[in-house]
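Dear colleague,

I am handing over the structure we spoke about, with the sequence alongside. Please have a look at it first, and then read on for the notes below.

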Amino acid sequence: MGEIIGPRLYSCCNCRNHVALHDDVISKSFQGRNGRAFLFSHAMNIVVGPKEDRQLMTGLHTVADVYCSDCREVLGWKYERAYEETQKYKEGKFILEKSKIAQENW
């Protein structure tokens, strides 16, 4: 009998708490604070910090840092508001930095 294969996941690199599903990746070509980052439609087991306006490479956005709910490692941020029309698709989405997440069940 074959082993049951669960969904491909991303977890916190610090404590292995599951934070996102591979199926929720929208793009792998984003830039985080520390290098490459992925844009996700959803994230789980995270804590969303306070909102703040931040000037990013693509313009002014209202964002909130996101933390692992277990170890409080900063994983990336959530786009709360985009001020430029071409960036509105990011609203409500999550950036998780590649250096802060690990693959599980691959």
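To begin with a single side chain: is K88 buried, partly exposed or exposed? K88 has a relative accessible area of 28%, and is therefore partly exposed. Please bear in mind throughout that this is a predicted model.

K88 is also one half of a charged pair, since it forms a salt bridge with E91 in which the closest N and O atoms are 3.5 Å apart. Its partner E91 has a relative accessible area of 30% and is likewise classed as partly exposed. As a reminder, side chains of opposite charge can pair when their charged atoms come close. The count of salt bridges in the model comes to 6.

Another of these pairs joins R16 to E104, with a distance of 3.4 Å from N to O. Because R16 sits in the loop between β1 (9-12) and β2 (18-21), while E104 belongs to strand β9 (residues 101-104), this salt bridge ties together parts that are 88 residues apart in sequence. R16 itself is partly exposed, at 46% relative accessibility.

A further group of charged residues, R33, E52, R54 and D65, is linked in a network of salt bridges. Within that group, R54 forms a salt bridge with E52, and the closest N and O atoms of the two are 3.4 Å apart. The two partners differ in their surroundings, for R54 is buried, with a relative accessible area of 14%, whereas E52 is partly exposed, with a relative accessible area of 38%.

Turning to the strands, 6 of them form an open sheet in the order β3-β4-β8-β7-β6-β5, and their pairing is antiparallel. The edges of this sheet are β3 (25-32) and β5 (46-56), each of which pairs on one side only. From one strand to the next, the twist averages 30°. Inside the sheet, strand β7 (residues 74-82) runs antiparallel to β8 and is joined to it by 3 bridges, and G76 stands opposite L96 of β8.

L96 appears again in the nonpolar interior. The largest nonpolar core has 14 residues, of which Y10, V19, F40, L75, L96 and I101 touch the most other members. At least two residues of this core come from each of β1, β2, β4 (35-40), β6 (59-68) and β8 (94-97). If one leaves aside neighbours within four places in sequence, I101 is in contact with Y10, S11, C13, V19, F38, F40 and L96. Apart from this core lies another, of 8 residues, which includes F30, A37, Y79 and I95.

Finally, a point about the cysteines that you may wish to check in the viewer: how many disulfides does the model contain? The count is 0. The sulfur of C15 is 3.5 Å from the closest cysteine sulfur, that of C68, and this is too far for a bond, because a disulfide is counted here only when the two sulfur atoms are within 2.5 Å. The two cysteines also differ in accessibility, as C15 is partly exposed at 31% relative accessibility, while C68 is buried, with a relative accessible area of 0%.

With best wishes

Conventions. Residues numbered from 1 in each chain as written. Predicted model: local features only at pLDDT ≥ 70, side-chain atom pairs only at ≥ 80, totals over all residues. Heavy atoms only, no water. Salt bridge = Lys/Arg side-chain N within 4 Å of Asp/Glu carboxyl O. Helix = DSSP H or I, 4+ residues; strand = E, 2+ residues; numbered from the N terminus. Buried < 20%, exposed > 50% of the residue type's maximum accessible area, 1.4 Å probe, protein only. Core = buried A, V, L, I, M, F, W, Y, C linked by side-chain atoms within 4.5 Å. Contact = heavy atoms within 4.5 Å. Pairing = 2+ DSSP bridges. Axes fitted to C-alpha atoms, helices over the stretch in contact; angles between N-to-C directions.
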